[in-house]
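Please open the model in a viewer and keep the sequence panel visible. The tour below proceeds stop by stop, stating what to select and what is found there.

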Amino acid sequence: MKHLTKLLAAAGVATLALAGCGGGGGTTTSQSGGAKDATPVKACAGSDAGGRGDKSFNESAYDGLKASQTSLGIQINTAESSSDTDFVPNVEAMVSDGCTLIIGVGFNLEQAIHKSAEQNTDLHYALVDSSFTDGQETVTLDNGRPLLFNTAEAAFLAGYAAAGMTKTGKVATFGGIQIPSVTVFMDGFADGVAAYNKAKGTNVQLLGWDKAAQNGSFTQSFDDQTLGKEQAQQFISQGADIIMPVAGPVGLGAAAAA
């Protein structure tokens with residue numbers, strides 16, 4: 001979460017860098033070489049479903065936005081989503097609000113952010129947890145930047161630590177929906193467990209995910225915490241004493257089970 005907060009705090013700086021690549025923001029220079037007044041930066045973030053109180057990536061993104069306001073002196077605003085039908089209206093509202101940097105928090109906002117970026121080439125856009133795509137292939141937008149980090153590496157460390165701390169010899173992971181941005185965490189977790197077993201000569205068992213088969217446990221929801229609690233209880237009954245959810249707010253259900 002600290003990584004994501006720092007990443008979003010840097011988004012305001014990225015806006016200034018983007019401004020040097022095209023119109024619509026930052027400091028502009030006249031033909032005579034004199035600098036004009038810098039365009040004020042207003043960074044706005046639209047949450048994924050669940051809102052900014054999810055104790056997950058929506059909340060950490062909002063914390064990063066507030067940190068940007070404090071450290072960079074920029075204006076900010078937010079738009080919360082309770083369902084996927086809110087994505088497009090929220091993005092349109094941020095455009096109308098005069099936002100110069102519009103951030104979509106989560107891969108579910110890709111289409112809404114992508115479309116708006118193409119319609120408003122004088123504004124800057126960022127997308128957390130996803131690249132921009134044409135439906136099949138990754139594409140590059142002149143005024144859009146994906147905010148990504150190597151999630152498999154972070155999850156690897158979690159898997160290695162879990163394997164080293166388990167008292168039962170069983171750990172577990174589950175996802176919200178089986179999509180690449182979720183399974184990459186589960187792959188990394190599995191690799192971490194496997195690396196610990198190899199290094200220490202142990203046989204810690206991983207429940208919930210078979211990396212080789214790309215098959216495992218999913219709640220089919222990022223919102224229903226009851227499903228997360230039920231899944232975690234199932235793992236606990238099977239002997240797992242450490243569980244890593246990759247399911248946004250659904251992970252709070254696993255915490256309730258713990």
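**The whole protein**

Begin with the entire surface: the protein exposes about 12900 Å², and carbon and sulfur atoms supply 50% of that area. Such areas come from the Shrake-Rupley method with a 1.4 Å probe, and for residues only the protein chains shown count as cover.

This is a predicted model, in which local features need pLDDT of at least 70 and side-chain atom pairs count only at pLDDT 80 or more, while totals for chains, interfaces and linings use all residues. Residues are numbered from 1 along each chain as its sequence is written, and side-chain values use heavy atoms, with hydrogens and water left out.

Switch to a cartoon view to display nine helices and 12 strands. These are DSSP runs numbered from the N terminus (helices: H or I, at least four residues; strands: E, at least two). Of the 258 residues, 43% are buried; buried means under 20% relative accessible area, exposed over 50%, and partly exposed in between, with a 1.4 Å probe and protein chains only. Among contacts (heavy atoms within 4.5 Å) between residues at least 6 apart in sequence, 65% join residues at least 24 apart.

**First stop: aromatic rings**

A pair of aromatic rings is described by the distance of the centres and the angle of the planes. Rings of Phe, Tyr and Trp (its six-membered ring) pair if their centres lie within 6.5 Å; planes under 30 degrees apart count as stacked, over 60 as edge-to-face and the rest as tilted. By this rule, there are five aromatic pairs.

Select Phe107 and Phe222. Their ring centres are 6.0 Å apart and their planes stand at 70 degrees, so the pair is edge-to-face. The pair links distant parts of the chain, 115 residues apart: Phe107 is in the loop between strand 3 (101-105) and helix 5 (110-119), and Phe222 is in the loop between strand 11 (215-216) and helix 8 (225-237). Phe107 is partly exposed at 22% relative accessible area, whereas Phe222 is buried at 18%.

Next, select Phe156 and Tyr160, an aromatic pair that is stacked, with 6.4 Å from centre to centre and 25 degrees between the planes. Both residues lie in helix 6 (residues 151-165), four residues apart, about one turn of the helix. Phe156 is partly exposed at 29% relative accessibility, and Tyr160 is partly exposed at 29%. Add Tyr196 to the selection to complete one aromatic cluster with Phe156 and Tyr160.

**Second stop: a pocket**

Which residues line the second largest pocket? Select Phe107, Asn108, Glu110, Gln111, Ser130, Thr133, Gly135, Gln136, Glu137 and Thr138 to display its lining. By class, this lining has one nonpolar, seven polar and two charged residues.

**Third stop: two buried residues**

Select Ser217, in the loop between strand 11 and helix 8. Ser217 counts as buried, at 18% relative accessibility. Leaving aside residues up to four places away in sequence, Ser217 touches Phe174, Gly175, Met186, Gly208, Gln231 and Phe235.

Finally, select Gly144 in strand 7 (residues 144-147). Is Gly144 buried or exposed? At 4% relative accessibility, Gly144 is buried. Gly144 touches Tyr125 and Phe132, again not counting residues up to four places away in sequence. Add Ala117 to the selection: Gly144 and Ala117 are 27 residues apart in sequence and 6.8 Å apart in space, C-alpha to C-alpha.

Note on methods
On a 1 Å grid over the protein atoms alone, a cavity is a set of points where a 1.4 Å probe fits but cannot get out, and a pocket is an open set with protein on both sides within 12 Å along at least five of seven lines; lining residues have an atom within 4 Å of a point. Ala, Val, Leu, Ile, Met, Phe, Trp, Tyr, Cys and Pro count as nonpolar, Asp, Glu, Lys and Arg as charged, and the others, Gly among them, as polar.
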